Amino acid sequence: MALIENRYLLLVFLFVFGQGALGQERTWEPAYTNISVKDGLPSSETYYVHQDRKGFIWICTDRGVVRFDGYRYQVFTRENGLLDNVVFKVIEDHKGRIWFKSFNEQFCYFENDKIHPYKFNHLIAEFREIYLMPFSWINIDTDDNFYYSRKGKNEILKISEKGKTSILKCSLLPNYTKISGEWMFTSNTKGYKNGVIGLSFNGKRTGIDVHATSTNIAIGRQEINQFGGKVYVTNSNSIYSQNRDSCKLDFIIGSAKIGKDLWVGTLKGVYLFENIEKNGLKLKPKHFLKQYSVTHVCRDSEGGYWFSTLENGVMYVPDLTVLNSRLSENSAENNIYRVYRNKDYFIVSNIKGYYDFVTGKKLTVSGVTQNGIIPYIGNTPFIGKLSDKKINPIPGIHFFDIGFLDWCKESDTSIIMTGLGVVRFNRKGEQEVIFTKKDFRYFKKVRYIAKSIAILPNKEIIVADLKGVYKAYKHRFQPIEYSPKLRNTRVTDLEYHDYWGLVIATGGKGLFIVRNEKIVKIIDENNGLLSNHINYLFVDSKNYLYVCSNKGVSRIFYDGGKGYRVQNLTPFQGLKAQEVNSCFEYKNQMYFATKDGLSKTDNTYNWTNSLRRKQVRILDISANGKRIECKNNSISLDYQYKVIRIRLTSTNFKTKGKAPYKYRLSKTSSWSTGYEGEILLLNPAYDKFNIEIKYKNENGIWSQPYFLTSIEITPPFYQQIWFYIVVTICLLLLVVWILLRRIKTISRKAEIQRNMEILEQKALLAQMNPHFIFNALNSIQSFLLYDENELAERYLLKLSKLIRLTLSNSRETEITIQKEIDSLQMYLELEQMRFKNRFVFQINTSLTKEGLTKFIPPMLIQPFAENAIIHGFKGLEQGGEIQLNFLQIDGNRLIVEIMDNGIGYAKSKASANDSDHKSYATEITSERLNLFKERYQSEFDFFIETLDEKGNLRGTKVTISIPIFKRD
């Protein structure tokens, strides 16, 4: 691509001519900042610079186009959508789209952070034919009509938004036609002789004689700029206007209209024609960047200038009215201490002595102290020398001993200096000792050498050293304490002025203004001063107070009722160096002695602090590496986004992306400081952040905080308010349900308990029913009547044990299986005695000793044994058999069988219905088992079946399944 580019550039270099040497006047140049490949440009060969309506700076190069956002340089190439890496120019249309004019004449544009090819490039290629020289013009009007013209054709191609083409015919002569505010060039150089370029605009046709041949019309780069009713055309190495005004320059490669000024770029720098509409081409233009080929000039929104060059990238100048010059190439010699100028001399001092700044000639052969003061009376300067050195006299200059460190004006004919005492000098250079350092009485209370001096209107002399301020009183210097803040404070300079009073500069506490021996104002960094460490004070002819420090220059104006206004000048505005040692005024120009030469401004420099607001804005926002669209300065993200990056853009180019900014997430949160042009939020809380930002401008002043954007991080659904509400409601409902269920359970348990008690009483009554008791008593009576006393006694004893055991078991909710067997054993023995051994019984168990200790509800088995005796053996005189089998524990259940050989379940049930004796034991037991199911949440079952013996129904079998329990 560089080879293709060079084909074009060679055509330009064919016309390069020499340039004369520099004049005798020392060169003054603005402070340039070079933007090169080191900063992010893809190439040092640049063609064009443009600032779009959003504030971005676009730079065209031979290896892509660059967008600068105030912090970073983003390069776009063919990989990003460009149709050619060689881009000569960018054009911004009415929609804010950035069009790229490239070498191959294929057009594309930048919109919505993406490059799009122009969809009708094929129509342009058909119109262009095979002509590929990069001399063409394009324009896009408000109806999205695309206009294209080029050298070699006297036609303009118009392409509508939908692709419809039409041809605008122009003059056969080289001609500029103005369409929608932009000039389009056409030419047909065949037979061209008269050197006139035609102009068509506002319905008029006219011409400009550019004295050009067909050759340089074909090859030269034609450009046009209009100022009011005047039009200026550049052609090869000249500028022409309609009124035959012209100016010859080096070979011209670009031009730009900026305000009322015309800038013309050449192969040997760039020329500035100021207020050309008024002055025309008669005034000598200013010449900048003589060592570079300048292709284009752009002024940004804050007044800075951008110069694209073919050799060294882009040169940036913050302000053209702040100029700089150096004494020599030796950096040590460029550390200028003091500066003085009159109509005859331009004197500066450094560590090696005093110099004529114009010629660079040394005025003294000896070195000086770090002060290097240059006192003066009217137009007569004084320079220092060693007392034992003889030097040739210099007309209009007097000499003093370099041991003196400061001076002040005493009258129109005399000055006083301090250091080696206090000495008066008159206009003739004659000196008079007022106080001598050798006389200890005068300086007894002055701890260090007095480095500053001032004289008050009442002729009182004030001196200062590293520890305070002193006043001459009765031939002695006495300490003065204007304020406790000045106690033991290093005073770096004193200045008395009728407008200001006594001004005391300090090394660390700022500036103190004293009137009538009282401090009326303290000005420091909190009031806008660049630094509290001050080097030098100076009051100019307009009563501005200049404060020189190691961070630049502050200018203070006192306007009475409105107070003090501080305005600053730093390297951000074009000062050569940050450290300023002193300053001087001459003919409305301020000269500043810096650590790297001299800087100067004239009365056109705008000291007003920047009033631009909201210069720092959002470039884009990404979350977890994904680009997020921000609408109405507000975005909402869910909890999954843990890394949020807000990239910033700034139009404050003077700070060169180095000024700090501060941001906070809410009005109550603390400020965080940034420098890299981004805000990074890591693992942000689930909250809404109204981000505010403020920044320090080129004057060192912080802007007012302002709203930047709103970011809301929504928590997961289980941490959102609605979820909490739903969960709370559900929990409340659950608690209510549990309470109601608990109440119902308690009520049911209470009811079960009552029913159990009733049924247990019924069971007890059933077990101890009147018939049983009556029959038992009859049996005892029968034993007694037949003198069977022993049987009666034994029966009565068993009965009493059964009653006691039954009553004991009835008080327990569960009893052991062994106790249940013992109870059954006693009951069956009593019934066997009462029925005269009509039946026999057998209780069998296969349970282990441990199994017999497990628990079951009481009085469940006895009713079934009673049924077998009362109903199963009804009508049977003898031979009855009852067998109770405690079979096994299956899981947590006890299986019990009760078998008899009676008349069977069906006959016994029918017989029971006919009998006067009604037994409720089985019914009660069924009810108890149902209650046990609810109480223990376990099944209690019994099954009744009739035994079959060879086809004859014989006996009954009852199988009971009882849950067992184990107590601790």
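**Note on a four-stranded sheet and selected salt bridges**

1. D144 is buried, its relative accessible area being 12%, and because the cut-off for burial is under 20% relative accessible area, the residue falls within that class. The model discussed here is a predicted one, and the points below should be read with that in mind.

2. Which residue forms a salt bridge with D144? The partner is K95, and the closest N and O atoms of the two are 2.7 Å apart. K95 sits in the loop between strand 7 (87-92) and strand 8 (98-102), while D144 sits in the loop between strand 11 (136-140) and strand 12 (146-150), so the contact ties together parts that are 49 residues apart in sequence. In contrast to the buried D144, K95 is partly exposed, with a relative accessible area of 45%.

3. The contact between K95 and D144 also belongs to a wider arrangement, since salt bridges that share partners join D93, K95, R97 and D144 into one network. In total, the structure holds 28 salt bridges, and two further examples are taken up next.

4. E678 and R645 meet through their side chains in a salt bridge, at 2.8 Å from N to O. E678 belongs to strand 62 (residues 678-682) and R645 to strand 59 (residues 643-650), so this pair ties together parts of the chain that are 33 residues apart in sequence. E678 counts as partly exposed at 27% relative accessibility, and R645 is likewise partly exposed, with a relative accessible area of 30%.

5. Are K957 and E897, which form a salt bridge, buried or exposed? Both K957 and E897 are buried, and their closest N and O atoms are 3.3 Å apart. This pair links distant parts of the chain, with K957 in strand 71 (residues 952-963) and E897 in strand 69 (residues 893-900), 60 residues apart.

6. Turning to the sheet, four strands form an open arrangement in the order 41-42-43-44, with antiparallel pairing. Its edges are strand 41 (452-455) and strand 44 (476-480), each of which pairs on one side only, and the twist from one strand to the next averages 30 degrees.

7. Within that sheet, strand 41 pairs with strand 42 (residues 461-465) in the antiparallel sense over four bridges. As a point of orientation for the reader, I453 has V463 in strand 42 as its bridge partner. As a general matter, strands of a sheet pair through backbone hydrogen bonds, in either a parallel or an antiparallel manner.

Definitions and conventions:
Residues are numbered from 1 along each chain as its sequence is written. This is a predicted model: local features need pLDDT of at least 70, side-chain atom pairs count only at pLDDT 80 or more; totals for chains, interfaces and linings use all residues. Side-chain values use heavy atoms; hydrogens and water are left out. Two strands pair if DSSP finds at least two bridges between them. Helices (H or I, at least four residues) and strands (E, at least two) are DSSP runs, numbered from the N terminus. Axes are lines fitted to C-alpha atoms, for helices over the stretch in contact, and angles run from 0 to 180 degrees between N-to-C directions. A salt bridge is a side-chain nitrogen of Lys or Arg within 4 Å of a carboxyl oxygen of Asp or Glu. Buried means under 20% relative accessible area, exposed over 50%, partly exposed in between (1.4 Å probe, protein chains only).
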